[in-house]
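Let's take a walk through this model together, with the coordinates open beside the text. We'll go from a few odd backbone spots to the cores and then to a helix.

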Amino acid sequence: MKEISCKLLVIGAGPGGYVCAIRAGQLGVDTVIVEAGKPGGTCLNVGCIPSKALIHAAEEFEKVAQMAGGNSPLGISVAAPALDLGKTVAWKDGIVSRLNSGVAGLLKKAGVKTVQGWATFRDGKTVAVETETGSQVIRAEAVVIATGSAPVELPFLPFGGPVISSTEALALKEVPQRLAVVGGGYIGLELGTVFAKMGAAVTVVEALPRVLAQYDAELTRPVVKRLAALGIEMMPGAKAKGLSTKGDALLVETPDGKDARIAADKILVTVGRKPVTEGWGLDQIDLDMAGRFIRIDEQCRTSMRGIFAIGDVTGEPMLAHRAMAQGEMVAEIVAGHKRSWDKRAIPAVCFTDPELVTVGLSPEEAKALGGEIKIGMFPFAANGRAMTRLGEDGFVRVVARADNHLVLGIQAVGQSVSELSTAFGLALEMGARLEDIAGTIHAHPTQGEGFQEAALKALGHALHI
């Protein structure tokens, strides 16, 4: 059995883990990273990147289909398109492969040693890794747990056969004729929209009274309108009950308590994700938990000296960019820098059609603080760039304190508004006031002008509405 020692051991090469390892390597920390699969974790391999690739492919296919149907206001007509999903998935896999290689190259460039295999704790300083060439023991002064999360499985709809998770949905070779989606959160609606645009008959079953319940109803209204336009059947308030005996239908209980069947070739279950806290020897060490997550402090330290935890395994929000920021911070702490978690806000993006982006407090959350607030909203129907993109549905909304105009939150819904998340996040991180945003020259014609106009509206003098 081989044994190696290092200063920092990172378990898991997802967005948090590999960023932590790269930054540690840059700082001269002797670092080893262990990963059982390919570098990049859920985000790169079966999450953010591949789903956005398929979302883009579906958008392009749907645009051409609209043109072929004689419905293009741009005056473009084409022959009816055909989709080779296998080729689309191969293109998506090519992007993932290039990024896998890129992460591996960055780790190597930073001087990080990569060990491929499954790591299991022996004690707080030692792990055993089962690799293709045998067992390896790694001893480290500091350990970072970055084991990520996995899709939640419903006991009455276990994965297998026609019941699939998002991972399998991203690798389908053919578009299912009928797709039932259990869960109306962002993953279910992103993928449901993809397959609806590709020609599938999609039904979304959501137990709560409305979909995208983590967002306010005003923000999600353009998305719900678009889902209806795409022909997606929505069943809010309905409960999935199981798979039919023949495996060709999803059994549900409707809001009025009646049983119903939804015929489906595939049943996509997207009811959330859970932290990966099993299979790597948690029982061999003594970590305090916060519910099902590992408890951490403002420096991502766990209850055991020398053991840190980052990313999804530490709780919400389960977002790749949160994990990356934590990973960078922990690397610098291990290197001796003085760092702690002091982020004002973490942007969140939902890549539905249209897209949603939020950062900071919603109007309701801000009101709950008790102080008076100002809200400025600017519709994309009054934005020239949005008009030229056929994207007039949606708006930018700014929430600020009424007394000093400090911006508390920013939300937007519309085409490509995910790209505005950078400006939104920067504004909150820098402690911007409405006057800062209103006084910043925004390039014309861009959808970003909607951000400036929303701030102007909150100040009482919007120029273009």
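Where does His405 lie? Look in the loop between β23 and β24 (407–414). Keep in mind as you look that this is a predicted model. The phi of His405 is near 70°, which is a positive value in a residue other than glycine. And is this residue buried or exposed? His405 counts as buried, because its relative accessibility is 16% and the cut-off for buried is under 20%.

Leu390 also has a positive phi without being a glycine, with a value near 55°. You'll find Leu390 in the loop between α10 (384–388) and β23 (395–401). Its relative accessibility is 48%, so Leu390 counts as partly exposed.

While we're on backbone geometry, check the prolines. Asp353 and Pro354 are joined by a cis peptide bond, with omega at about -5°. Pro354 has its place in the loop between β20 (348–350) and β21 (355–360). A cis peptide bond also joins His444 and Pro445, and omega there is about -5°. For Pro445, go to the loop between α12 (434–438) and α13 (449–459).

Next, a bit of sheet. Three strands make up an open sheet, ordered β12-β13-β14, with antiparallel pairing. At the edges are β12 (239–243) and β14 (259–263), each of which pairs on one side only. From one strand to the next, the twist averages 35°. If you want to follow one pairing residue by residue, take β13 (residues 249–253): 5 bridges join this strand to β14, and the two run antiparallel. Within β14, Ala260 is the residue that stands opposite Val252.

Now for the interior. The largest nonpolar core has 33 residues, and the members that touch the most others are Val194, Phe195, Val202, Leu212, Ile232, Leu268 and Leu356. At least two residues of this core come from each of α3 (48–68), α4 (85–109), β9 (178–182), α6 (186–197), β10 (201–206) and α7 (217–229). Which helix gives the largest share? That is α6, with 5 residues. To see the packing from one member's point of view, centre on Ile232: leaving aside residues up to four places away in sequence, Ile232 touches Gly192, Thr193, Ala196, Val202, Val204 and Leu227. There is also a second, separate core of 28 residues, and among its members are Leu8, Ile22, Val96 and Val330.

Helix α7 also holds a polar residue worth a click, Thr220. With a relative accessibility of 3%, Thr220 counts as buried because the cut-off is under 20%. What does its side chain have for polar company? A polar atom of the Thr220 side chain lies 3.2 Å from the backbone oxygen of Ala217. Beyond residues up to four places away in sequence, Thr220 touches Arg210, Leu212, Tyr215 and Leu356. Two of those, Leu212 and Leu356, are on the list of core members that touch the most others.

For contrast, go to Lys109 in helix α4. This lysine has a relative accessibility of 75%, so Lys109 counts as exposed. Try a distance query too: Lys109 and Lys239 are 50 Å apart from C-alpha to C-alpha, with their positions 130 residues apart in sequence.

Let's finish on helix α8 (residues 320–334), which allows a quick sanity check. At 1.5 Å a residue, its 15 residues should span 21 Å, because the expected span uses one less than the number of residues. The C-alpha atoms at its ends are indeed 21 Å apart, which agrees. How many of its residues are buried? The answer is 12 of 15, so α8 is mostly covered. The buried set includes Arg322, Gln326 and Glu332, along with residues such as Ala320, Met329, Val330 and Ile333. Val330 has already come up, as a member of the second core. The buried residues of α8 pack against β1 (2–11), α1 (15–26), α2 (41–46), α3, β6 (134–145) and β19 (307–309). After the helix comes Gly336, with a positive phi near 105°.

Key:
Residues are numbered from 1 along each chain as its sequence is written. This is a predicted model: local features need pLDDT of at least 70, side-chain atom pairs count only at pLDDT 80 or more; totals for chains, interfaces and linings use all residues. Side-chain values use heavy atoms; hydrogens and water are left out. Helices (H or I, at least four residues) and strands (E, at least two) are DSSP runs, numbered from the N terminus. Buried means under 20% relative accessible area, exposed over 50%, partly exposed in between (1.4 Å probe, protein chains only). Two strands pair if DSSP finds at least two bridges between them. Axes are lines fitted to C-alpha atoms, for helices over the stretch in contact, and angles run from 0 to 180 degrees between N-to-C directions. A nonpolar core is a set of buried Ala, Val, Leu, Ile, Met, Phe, Trp, Tyr and Cys residues joined through side-chain atoms within 4.5 Å. Contact means heavy atoms within 4.5 Å. A polar contact is a pair of N or O atoms within 3.5 Å; within protein, one must be able to donate a hydrogen and the other to accept it, and residues adjacent in sequence count only if both atoms are side-chain atoms.
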